[in-house]
Amino acid sequence: MNWPAGARYLARAALVLALPTMIAMGYRVSAGDDGVPRRVVIEIKGLVFTPERAVVQVGDTVVWINRDLVPHTATASSRSGWEVGPISEGEEGFRVVAVAGSFRYFCRFHPTMTGVLVVR
Amino acid sequence: MSRSRVLAFAFLALPMVSLQGQSAAPNLTDPEVAHVAVTANNIDIELAKVAEGRSRNAEVKKFAATMITDHTAVNVKAVALATRLGVTPRDNAVSQSLLTGAKEARAIVDKATSAAFDKAYIDREVGYHQAVLDALDNLLIPTTENADLKQLLVAVRPAIAAHLAHAKVIQGQLGVGK
């Protein structure tokens, strides 16, 4: 469809004006329901991942914060092989989730520590 | 009876850290509690180093590596805290009891052949961590007066419980098919 030259100009102008606002609002094409990716925190304390089952959106950044004295990892139970860490006491490790699904993980140093990431 | 079973029974018959078995629960001072904590960590670190070298089982080696990492991290904290508080860890009967048990366990471990070694080491770790957990709950945490030292022991407890759970999982795996 051939747009009139004036219409094409107006469309480009609208995009140029709107884009900085969208970026300032943290808009990402891959974000979830509200269009804004989130920083989702999972606390490691007492050798437990809290929350044990975290529901996140594609595009979110999942951050594991280690509040224990000993180091931990968050290691995928599946063959996908992703791992966050080792994370020392007081430090953080993160992963941007890009694929929907349910992903079990554990601490490679303490295999009885387990968690689940539900990515929507 | 196979040689491995004899060794396993020998491990289990060792004087475990049965602090409850003393005639009266000792009332330790904070320097003595600090000494017990550091001693208990060092004992497990030393045996884990033996296991890392001797074991041919991947899960046992990983477990041993975790023991070294975790108990070392706790000792670093304990020593730093003792230094900050101006507390000099003080030797005592409980620490000596731990060391006596460790010496006897080491004698058994050194004689074990490779297959018997893994089971003997893990059986020892199950018993040892259960005893340490009991000691934390029934003696060390209740008897400690300094709030920071008590908090450290409380913070360590989940790690000991996780070590025990991990050791039991491996114990079950080693027992399959026997």
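What follows is a walk through the contact between chain B and chain A, and then through a helix pair inside chain B. This is a predicted model, in which local features need pLDDT of at least 70 and side-chain atom pairs count only at pLDDT 80 or more, while totals for chains, interfaces and linings use all residues. Residues are numbered from 1 along each chain as its sequence is written, chains are lettered from A in the order in which they are written, and side-chain values use heavy atoms, with hydrogens and water left out.

Start where the chains touch. Chain B brings 15 residues to the contact and chain A brings 10, with contact meaning heavy atoms within 4.5 Å. Together they bury about 1000 Å², 74% of it on carbon and sulfur atoms; buried area is the accessible area (1.4 Å probe) that two parts lose on being put together, summed over both. On the chain B side, Asp70(B), Lys77(B) and His166(B) lose the most area to chain A, together 33% of what that side buries.

Lys77(B) turns up again in a salt bridge with Glu89(A), at 3.0 Å, N to O. The rule (a side-chain nitrogen of Lys or Arg within 4 Å of a carboxyl oxygen of Asp or Glu) finds one such bridge across this interface.

Now look inside chain B. Helix H4 (residues 93-111) packs against helix H5 (residues 114-143) at an angle of about 170°, with the axes 11 Å apart. That makes H4(B) roughly antiparallel to H5(B), a label for angles over 145 degrees. Among the residues that meet are Leu98(B) and Ala105(B) from H4(B), and Phe117(B) and Tyr128(B) from H5(B).

Notes:
Axes fitted to C-alpha atoms, helices over the stretch in contact; angles between N-to-C directions. Helix = DSSP H or I, 4+ residues; strand = E, 2+ residues; numbered from the N terminus. Parallel < 35°, antiparallel > 145°, perpendicular 65-115°, else oblique.
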